[in-house]
Amino acid sequence: MKIHLVLKNEINASLAASNMSLMAESFGLGVLYSGFFSAVVKYSPKLRKLLNLKSKGHVVTTLVIGYPDVKYRRTTQKETADVRYL
């Protein structure tokens, strides 16, 4: 499946990617943020043409999504959050 989001604002693009990641994980999919593809697109005319990116356009982030091969019974222990209410 190919998902291609075109947004004018980098912050909105990052927020959309974050929401997509949360939604994918809620369906049992694994998600990896990959900066490699984003960096490669910057220098590859073929990829820029394939993604239909204009001269000022750029890829903010790339999500690699799929079903994980392993299932962990538990996660790593986390430190207690230091939350301060105002």
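Visitor: Is Tyr33 buried, partly exposed or exposed, and how should I read such a label?

Guide: The label depends on the relative accessible area, where buried means under 20% and exposed means over 50%, with partly exposed in between. In this predicted model, Tyr33 has a relative accessible area of 42%, so it is partly exposed. You will find Tyr33 in strand β1, which covers residues 30-34.

Visitor: Which residues does Tyr33 touch, if I leave out those up to four places away in sequence?

Guide: With those set aside, Tyr33 touches Ala17, Ser18 and Ser21, and also Thr61, Thr62 and Leu63. As for distances along the chain and in space, Tyr33 and Ile65 are 32 residues apart along the chain, while their C-alpha atoms are separated by 8.9 Å.

Visitor: What does the corresponding picture look like for Ser38, and is that residue buried or exposed?

Guide: Ser38 has a relative accessibility of 12%, and because the cut-off for buried is under 20%, Ser38 counts as buried. Ser38 is found in helix α2, made up of residues 35-43, and, apart from its neighbours within four places in sequence, it is in contact with Val59, Val60, Thr61 and Thr62.

Visitor: How many helices and strands are there in the protein, and what pattern do they follow along the sequence?

Guide: There are three helices and two strands, and when you read along the sequence they follow the pattern α-β-α-α-β. The radius of gyration is 17 Å, well over the 12 Å that the globule rule gives for 86 residues, so the protein is more spread out than a compact globule. Taken along the principal axes, the box that the C-alpha atoms fill is roughly 45 × 40 × 20 Å.

Visitor: What share of the residues is buried, and what can be said of the surface?

Guide: Of the 86 residues in the protein, 14% are buried. The accessible surface comes to about 8300 Å², and carbon and sulfur atoms account for 59% of that surface. If you turn to contacts with a separation of 6 or more, residues 24 or more positions apart account for 54% of them.

Visitor: Where is Lys78, and how far is it from Leu29?

Guide: Lys78 lies in the segment after β2, and with a relative accessible area of 65% it is exposed. Lys78 and Leu29 are 49 residues apart in sequence, and from C-alpha to C-alpha they are 22 Å apart in space.

Visitor: Which backbone angle should I look at in Asn52?

Guide: Look at phi, which is positive in Asn52, at about 55 degrees, although this residue is not a glycine. Asn52 sits in the loop between α3 (45-50) and β2 (62-66), and it is exposed, with a relative accessible area of 55%.

Visitor: How many salt bridges does a search of the whole structure find, and which side chains meet there?

Guide: The general idea is that side chains of opposite charge can pair when their charged atoms come close. Here the search of the whole structure finds one salt bridge, in which the side chains of Asp82 and Arg84 meet at 2.9 Å, taken from N to O. Asp82 and Arg84 are both exposed.

Visitor: How far apart are the mean positions of the positive and negative charges?

Guide: The protein has 13 positive and 5 negative charges, and their mean positions are 15 Å apart.

Key: Residues numbered from 1 in each chain as written. Predicted model: local features only at pLDDT ≥ 70, side-chain atom pairs only at ≥ 80, totals over all residues. Heavy atoms only, no water. Helix = DSSP H or I, 4+ residues; strand = E, 2+ residues; numbered from the N terminus. Rg over C-alpha atoms; globule rule 2.2 N^0.38 Å. Buried < 20%, exposed > 50% of the residue type's maximum accessible area, 1.4 Å probe, protein only. Contact = heavy atoms within 4.5 Å. Areas by Shrake-Rupley, 256 points an atom, 1.4 Å probe, with all protein chains shown as cover. Lys, Arg positive; Asp, Glu negative; His and termini not counted. Charge placed at Lys NZ, Arg CZ, Asp CG, Glu CD. Salt bridge = Lys/Arg side-chain N within 4 Å of Asp/Glu carboxyl O.
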